[in-house]
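This report is meant for a reader who is meeting the structure for the first time. Please look over the sequence and the model before reading on.

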Amino acid sequence: MDRSRIVALLREIAALLELHGGNKFKVRAFSRGARALEATREPIEKLIDEKRLTDLPGIGIALAKQIEELHKTGTSELLVTLRQGLPSGVLELSQIGGIGLHALRLLSEELGISSIDDLRAAAEAGRLRDVKGFGAKKEA
């Protein structure tokens with residue numbers, strides 16, 4: 001698997017961890033690791049073969065193992081577990097501007113929103129303003 005795809009999957013893991021209400025330090029670690037991997041000019045295969053992933057800033061042993069697993073298999077146990085725990089469509093919702101991952105988690109938990117259609121229906125019904133951090137302006 002190429003570097004850009006691994007970077008994208010690390011960012012997805014960070015987003016999924018945040019959506020699940022995971023440890024904020026772990027979320028940041030995956031985000032930092034994605035940036036470090038993206039910034040290095042060294043071929044990822046060389047870093048893995050020479051066991052030098054942890055030489056990159058922000059990449060520790062656990063994250064290096066995740067990167068190796070992603071590189072070898074195209075996925076990881078953690079990624080699969082995190083994806084299974086979410087309703088389909090929630091990641092699609094994260095692409096909407098103005099709605100952060102924390103807000104998505106609240107919408108999912110409090111209103112059962114798991115798709116763009118669910119979000120549209122809740123906004124049209126005036127239910128979004130009942131969620132902490134949402135008002136009439138954001139609902140509009």
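What follows describes a predicted model, beginning with its nonpolar core and then turning to single residues and aromatic rings.

The largest nonpolar core has 43 residues, and those with the most contacts inside it are L10, F30, L37, L53, I59, I67 and L107. Several elements give two or more residues to this core, namely α1 (3-19), α2, α3 (44-49), α4, α5 (77-84), α6 (90-93), α7 (101-111) and α8 (116-124). The most is given by α1, which supplies 10 residues. As a general background, nonpolar side chains in soluble globular proteins tend to be buried together.

For L37, once neighbours within four places in sequence are left aside, the contacts are R3, I6, V7, L10, I44, L53, L56 and I67. Leaving aside such neighbours for E68 as well, this residue is in contact with I48, K51 and L53.

Is E68 buried or exposed? E68 counts as buried because its relative accessibility, 16%, falls under 20%, whereas F25 is exposed because its value is over 50%. The table sets the two residues side by side.

| Residue | Helix | Relative accessible area |
|---|---|---|
| E68 | α4 (residues 61-73) | 16% |
| F25 | α2 (residues 24-39) | 53% |

F25 is also separated from L128 by 103 residues in sequence, and their C-alpha atoms are 29 Å apart in space.

As for the aromatic rings, a search of the whole structure finds zero aromatic pairs. K138, however, lies over the face of F134, at 5.1 Å from the ring centre.

Note on methods: Residues numbered from 1 in each chain as written. Predicted model: local features only at pLDDT ≥ 70, side-chain atom pairs only at ≥ 80, totals over all residues. Heavy atoms only, no water. Helix = DSSP H or I, 4+ residues; strand = E, 2+ residues; numbered from the N terminus. Buried < 20%, exposed > 50% of the residue type's maximum accessible area, 1.4 Å probe, protein only. Contact = heavy atoms within 4.5 Å. Phe/Tyr/Trp six-rings, centres within 6.5 Å; stacked < 30°, edge-to-face > 60°. Lys NZ or Arg CZ within 6 Å of the ring centre and 35° of its normal. Core = buried A, V, L, I, M, F, W, Y, C linked by side-chain atoms within 4.5 Å.
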